[in-house]
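User: I am new to this structure and would love a close look at one part of it, the nonpolar core. Could you walk me through that part and then show me how the rest fits around it?

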2 protein chains.
Amino acid sequence: MAVAATVDRKDTPSLEPLTRLVGDDLAQVNQRIIEYMQSPVALIPQLAGHIVAAGGKRLRPMLTLAAARLCGYAGDRHVSLAACVEFIHTATLLHDDVVDESDLRRGIATANAVWGNKASVLVGDFLFSRAFQLMVADGSLEVLRILSHASAVIAEGEVLQLITSNDTGTTEESYLEVIRAKTAQLFAAACRIGPVVAGRPAAEADAMEAFGLNLGIAFQLVDDMLDYSAKQAELGKTVGDDFRDGKITLPIVIAFARGDAEERAFWRRTLEDQEHGPDDLAHAQMLLRRHGALEATMERARDYGAAARAALAPFPAGPVRDALDEVVAFCIARGF
Amino acid sequence: MAVAATVDRKDTPSLEPLTRLVGDDLAQVNQRIIEYMQSPVALIPQLAGHIVAAGGKRLRPMLTLAAARLCGYAGDRHVSLAACVEFIHTATLLHDDVVDESDLRRGIATANAVWGNKASVLVGDFLFSRAFQLMVADGSLEVLRILSHASAVIAEGEVLQLITSNDTGTTEESYLEVIRAKTAQLFAAACRIGPVVAGRPAAEADAMEAFGLNLGIAFQLVDDMLDYSAKQAELGKTVGDDFRDGKITLPIVIAFARGDAEERAFWRRTLEDQEHGPDDLAHAQMLLRRHGALEATMERARDYGAAARAALAPFPAGPVRDALDEVVAFCIARGF
């Protein structure tokens, strides 16, 4: 058993090396998060705590911590800036939870089911404002520039996603534009903050940002693939959420492009007209298999993953770079 | 006719002197607003334009412009900072538009009826982020501190309002806490920015902030009074929106405190249980009259107005101070 477990750890890329390297800093980040989400208005820490606690991997703040470490930073500013990154991420999640009446009719249940749309929006606003207060306390206009820019781009990406929703005419290019903005931009910003606090030259900041951007794109591609995958079902997570929402992700773009007239009619009915029968998800999965759409999506993810790894070249070899390298491998391995 | 109009202008306080004094700057603010709400994602300027155009008086950015002028500021930083203030205000309005399913059932129709909850949230996020980008471009950490703090307090106030909604046990104190946070804080911040960009001492910044805070409280008190007033009906605006939403404003707090058991049962049925009959608004207005609740609300507004005017004392007498003085009179006169 012990041997098997060891072998397993060696073969399967994981976040464990990263967590081990930045674990102490991350514990401080978590403390900072708890501290700064406090408010005399009790619903705020209550609702924020719900989503922050459920937040899972803390991948984005860990990237800030690791990037700072890789750049030889020895101070502690990266701790509260990593908390800012997580606050912005959490605010985005809360605002992403907001649903329109039409969605409710389709029976979507999210965290917001407990407190309602309005509370999700307002607590998101609070966390977003807190993030900026933390940045102001840190005092770097450069960091403020990076994260206010990222926030604007994220909002643009989310609006673009809203527009392309239910539109089977969405191209691969415009899909990539959406995920680059809504997901990869914050990965990129989280990474760039590392060299910036370490006072490293612009070329290193650019390289670290490129690492984050490509990693973020790969991460979202795998996520979108998993929504249709048997692997996701094995992990006990729901499959087909994007399908039911009419979200146009890369597997769909590919299957639609490669499909015949009858298949396209099926995609239009389910994704555009939102008319769903009990066997439609299974049929959609069959069509994705027929056209190799999930494999093609993973193919793209591997390309972006390779670009992310290549972006690490300027940085000194060693355990931190290896751990970041393994983050890429981990994000992609989730898909298999 | 011409004579009558002149007399009218003299007797009725208006925003006209303020608009005349800061009109050129305000035209630049409006240009800046149009410029910075642009995005390749067309829905953003479309939706933002809708609310910015309907935005009305531009009272908050005018306060920033006038406060800077009163402090002898001769540069042009106040223009883009006034645009930031308006962006934050607009984002707040958009997020305030977000409704829960239960509200929709009660038949509320807002700007969001056209584009939906989600678009309102995301475009609000975009404008909010843009505001921070503009502040970063301005480069003052002090201004960033003022507006990130104000944003956090506004969000807290909005959540507190959400909690006290439908609760007839709300006290005058907690009502005042809500309006101080959700409305007056941005007035206060808008004003404080003036002396800050002019590089004036902290005492002047504090005085100008006190002016804005008290003006903002008076403004919201009158607004909440008007929702039940015949004057509002004369102006062609809807009456009773707050009543239908179950919002607990000062007129209600007063009438509830002064009412007997039967009256309290009425307020509980309409505001807590949200059960409304066709004659309930008229009955509510009668109860408010019976207890002098609208007059008592105006009384409080006058007190805060007086405090606002007193806060202007340290500043040089002249047309700008007179115009700000008249803003207070205007905000209160709306109630008569």
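Analyst:
**The nonpolar core and its surroundings**

The largest nonpolar core has 232 residues, and the members that touch the most others are Ala66(A), Ala218(A), Ala66(B) and Ala218(B). Please keep in mind that this is a predicted model. As a general background, nonpolar side chains in soluble globular proteins tend to be buried together.

Let us start with Ala218(A). Setting aside neighbours within four places in sequence, Ala218(A) is in contact with Ala301(A), Tyr304(A), Gly305(A), Ala308(A), Val328(A), Cys331(A) and Ile332(A).

In chain B, helix α11 covers residues 202-226. Of the 25 residues of α11(B), 19 are buried, so this helix is largely enclosed by the rest of the structure. Its length can be checked too: at 1.5 Å a residue, the 25 residues of α11 in chain B should span 36 Å, and the end C-alpha atoms are indeed 36 Å apart, which agrees.

Now step back to a whole chain. Chain A contains 18 helices and 0 strands. Its radius of gyration is 20 Å, close to the 20 Å that the globule rule gives for 336 residues, so chain A is as compact as a globular protein of that length. Along its principal axes, the C-alpha trace of chain A spans about 60 × 50 × 45 Å. Buried residues make up 51% of the 336 residues in chain A. Among contacts in chain A with a separation of 6 or more, 77% are between residues 24 or more positions apart.

How do the two chains sit together? A rotation of 180° with 0.0 Å of shift along its axis superposes chain B on chain A, with an RMSD of 0.0 Å. That is the relation of a two-fold axis. Where they meet, 40 residues of chain B are in contact with 40 residues of chain A. On the chain B side, α3 (43-53), α6 (101-105), α8 (117-138) and α9 (141-164) each supply at least two of the residues that touch chain A. By class, that side of chain B has 22 nonpolar, 10 polar and 8 charged residues. The copies meet through the same surface, because 100% of the interface residues of chain B are also interface residues in chain A.

Helix α8 of chain B deserves a closer look, as Ala131(B) has its place there. Ala131(B) has 28 other C-beta atoms within 10 Å and is buried; the cut-off for that class is 20 or more. Beyond its neighbours within four places in sequence, Ala131(B) is in contact with Cys84(B), Phe87(B) and Ile88(B). Glu177(B) lies 46 residues from Ala131(B) along the chain, and their C-alpha atoms are separated by 25 Å.

For a contrast with the buried positions, turn to Glu299(B) in helix α17 (residues 293-311) of chain B. Glu299(B) is exposed, with 12 other C-beta atoms within 10 Å. From Glu299(B) to Gln133(B) there are 166 residues in sequence and 41 Å in space, C-alpha to C-alpha.

The loops add some detail of their own. Ser165(A) is in the loop between α9 (141-164) and α10 (172-197) of chain A. With 17 C-beta neighbours inside 10 Å, Ser165(A) counts as partly exposed. Leaving aside neighbours within four places in sequence, Ser165(A) is in contact with Gly246(A), Lys247(A) and Ile248(A). Although Ser165(A) and Leu271(A) are 106 residues apart in sequence, their C-alpha atoms are 8.3 Å apart in space.

Finally, consider a backbone detail. Most residues other than glycine have a negative phi. Gln274(A), however, has a positive phi of about 55° although it is not a glycine. Gln274(A) is found in the loop between α15 (261-272) and α16 (280-290) of chain A, and is partly exposed, with 14 other C-beta atoms within 10 Å. In chain B, Gln274(B) has a positive phi of about 55° as well. Gln274(B) lies in the loop between α15 (261-272) and α16 (280-290) of chain B, and counts as partly exposed with 14 C-beta neighbours inside 10 Å.

Technical notes. Residues are numbered from 1 along each chain as its sequence is written. Chains are lettered from A and ligands numbered from 1 in the order in which they are written. This is a predicted model: local features need pLDDT of at least 70, side-chain atom pairs count only at pLDDT 80 or more; totals for chains, interfaces and linings use all residues. Copies are superposed by least squares on the C-alpha atoms of residues with pLDDT of at least 70 in both. Two residues are in contact if their C-beta atoms, placed from the backbone, lie within 7 Å. Helices (H or I, at least four residues) and strands (E, at least two) are DSSP runs, numbered from the N terminus. Ala, Val, Leu, Ile, Met, Phe, Trp, Tyr, Cys and Pro count as nonpolar, Asp, Glu, Lys and Arg as charged, and the others, Gly among them, as polar. The expected span of a helix is 1.5 Å times one less than its number of residues. The radius of gyration is taken over C-alpha atoms; the globule rule is 2.2 Å times the number of residues to the power 0.38. A nonpolar core is a set of buried Ala, Val, Leu, Ile, Met, Phe, Trp, Tyr and Cys residues joined through C-beta atoms within 7 Å.
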